[in-house]
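Reader: Hi! Could you walk me through this one?

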Amino acid sequence: MKIGIMSFAHLHAEAYIQNLRAIPGVEMIGIANDDATRGEHFARQFNARRFPSYDALLAEKPDGVLICSENANHRPLVEMAAAAGVHVLSEKPLATNLPDAQAMLDACRQAGVILMTAFPMRFSVPILEMKSLLESGGLGKVYGFNTTNQGQMPIAHRRWFVDKTLAGGGAVMDHTVHLADILRWVLKSEVVEVFAQTNRILHADTVDVETGGLLMLTFADGTFASIDSSWSKPLNYPTWGGLTVEIISERGIVTVDAFSQNLDVYNQKQNSHTWAYWGSDANQAMVAEFIAAIRDRRAPEVTGEDGYKALEIALAAYQSAATGKPVKLPL
Amino acid sequence: MATMKIGIVGTGSMGQTHAAGWAETPATIAGFVGKTAAHVQSLAAQYGARAFPTFEAMLTEVDVVDICTPTHLHHPQVLQAAAAGKHIVCEKPLARTVAQAQEMIAACRTAGVKLLVAHVVRFFPEYVRAKEIVTAGDIGQPAVIRLSRGTFRPQKATDNWFTDPEKSGGVMLDLMIHDFDYARWVAGDVARVFAKNAAVEHGLVILTHRSGALSHVEGSWAFPPPHFHTRFEIAGSDGWLAFDSEKNAAVSLALHHRQTDAADVPAPGIVLDESPYTTQLKAFYRALTEDAPVPVSAADGLAALQISLAAIESAYSGKPVEISPLPEVTA
């Protein structure tokens, strides 16, 4: 099976290229990037073939592509791939507005190709453990969730992450969709209301998007969930950030830290303290699911529709933050 | 100056704790009054003090009244003590309603007596240290604050007023007021409150401070006994600090279970050379003898109460509640 990568704008592409190469029977055919310098840089770094254009990559007739462009540029690349009859795994958030997201869903449906949204937390083993615990019924009634997906402000990785036009927003757009998706998935219920407050106190001199965000979601079944989507981890924190879920249930409280499986590492020469992650690789399992869905000619575990729903929740958060009032869904 | 005489009303766990605190000051415990005669007798014997038959009888014999009774009794007892010209320590929450608290503050002002609202968290050294670091500017301007306090539902052998929301206000008034007060101490006055509360009494609250800072406050009675934790995290424009009572515990126990007496209201084990409850009462003693300012003003107690009541209202109505500045607080 032949898979290509369209754009290296998102840093996750650096992980996915290695994930693809680790899957037996998958040929990573190469990469294309509209920024030739960036394309050349990563082609060299990963010893990959560089196609001069996205069209040239698609002309190679891959079975599927991973799209890792800036959020606002997902749509044109997804439409190109769909037109070429190529299955798509798109980085999250699926788009920066609902019309773009809808156009992507339509293009892939009409072309009969898979559109999968890159929500790796669905494949996180701690999160899967949490899901089975919830499904076992052993917790009794579940009332709510206290969740966090905090991170470092990502400007050091990619400048466009803090560009409202390209990213669609700041911390809320970057971090809300993972937990919004997990919660929809485990509750099998849709969000009916979003309340959110945002601020720009952290890194106020550096960026003009929001860096702090607190949300409260209400689901159709009455469950509530708060999400802290702030870029509040300091730049010298031992790791990029993390994702935690606390479940409030009849039986008591369950806490899940999806990135707790680390070693504390201190290096005297570099005067550094870092965390070395030793847990399972959710990205690997996610990319493997994309390949399996293509191979088995079935819908993937996480779809473009899931990406649309998560984006809708993030967009509702911006509306709520602007008005100070809860916003009803669907938008 | 004659020795200051203290009278304690309420002989549950908080009355006992305050007695131990006063015993560390130059003041004399004149006596106790309470609902449970056995507790009153044993405390009187322990401190060589009197067992007063009534609150009125105690008022004529003391300089300071320390009110450690259930929340709904604070209002009449403070009014009575103020009318008798006694200085007052009042356990948190100051009152059950804003109007009651305003009347109590006015009565103390008219009578020329000092009122300490016992927000003891302001004397716990981990919270004090964090406040000092914020005040010193070491982590810049507070942006996103997370506060959590969780334990089991308060147990009492008989007449459990904690579980009567009319008397205690439930977890959002009785427990979360600690962190509402702390959030306000660190990040200033609160403008907006949005809250959810589970049927098991586990609240999640988003506070929007007038400064633009956001606080996520969690308070729970939904843990199994003997759990008790406190946690906080303050992300500021120049840094970040965090505390977790479980991770930072100096002494931890892992003991096999055995049948023991039912616990009263849980209190964390305190591994310090001085109990923060004692520190608090010593500070009030100084305020009385040296005419220094009261360490936690009645206005602070009122402002924290107002946030708690707004949270209860928001959880009930499903709508955000805007906080209108009270003259007592803004003065």
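Author: Happy to. In strand E4(B), B:Val64 is the bridge partner of B:Ile6. Strands here (E, at least two residues) and helices (H or I, at least four) are DSSP runs, numbered from the N terminus. This is a predicted model, where local features need pLDDT of at least 70, side-chain atom pairs count only at pLDDT 80 or more, and totals for chains, interfaces and linings use all residues. Residues are numbered from 1 along each chain as its sequence is written, while chains are lettered from A and ligands numbered from 1 in the order in which they are written.

Reader: Thanks! How many bridges join E1(B) to E4 of chain B?

Author: Four, and the strands, E1(B) and E4 (residues 64-67), run parallel. DSSP has to find at least two bridges between two strands for them to pair.

Reader: And which way does E2 of chain B run against E1(B)?

Author: Parallel too: E2 (residues 28-33) is joined to E1(B) by five bridges. One of the partnerships is B:Lys5 with B:Thr28 in E2(B). Between E1(B) and E2(B) the chain passes through helix H1 (residues 13-22) of chain B, making a right-handed β-α-β crossover. Right-handed means that, with the strands pointing away from the viewer, the path from the first strand over the helix to the second runs clockwise.

Reader: Is strand E1 of chain B mostly covered or uncovered?

Author: Mostly covered, as four of the five residues in E1 (residues 5-9) are buried. Buried means 20 or more other C-beta atoms within 10 Å of the residue's own, with C-beta atoms placed from the backbone. Across chain B, 50% of the 331 residues count as buried.

Reader: Nice. What about the whole of chain B, how many helices and strands?

Author: Chain B has 12 helices and 13 strands. Its C-alpha trace spans about 55 × 50 × 40 Å along the principal axes.

Reader: Switching topic, how many residues does each chain bring to the contact?

Author: Chain A brings 25 residues and chain B brings 29. Being in contact means that the C-beta atoms of two residues, placed from the backbone, lie within 7 Å. On chain A, strands E7 (142-151), E8 (191-199), E9 (212-219), E10 (224-228) and E12 (252-257) each supply at least two residues of the side touching chain B.

Reader: Last one: what ipTM does the predictor give the complex?

Author: The ipTM is 0.93, alongside a pTM of 0.95. For chain B the mean pLDDT, the predictor's confidence in each residue from 0 to 100, is 94, and 96% of the residues reach 70 or more.

How values were computed. A residue is buried if 20 or more other C-beta atoms lie within 10 Å of its own, exposed if 12 or fewer, and partly exposed in between; C-beta atoms are placed from the backbone.
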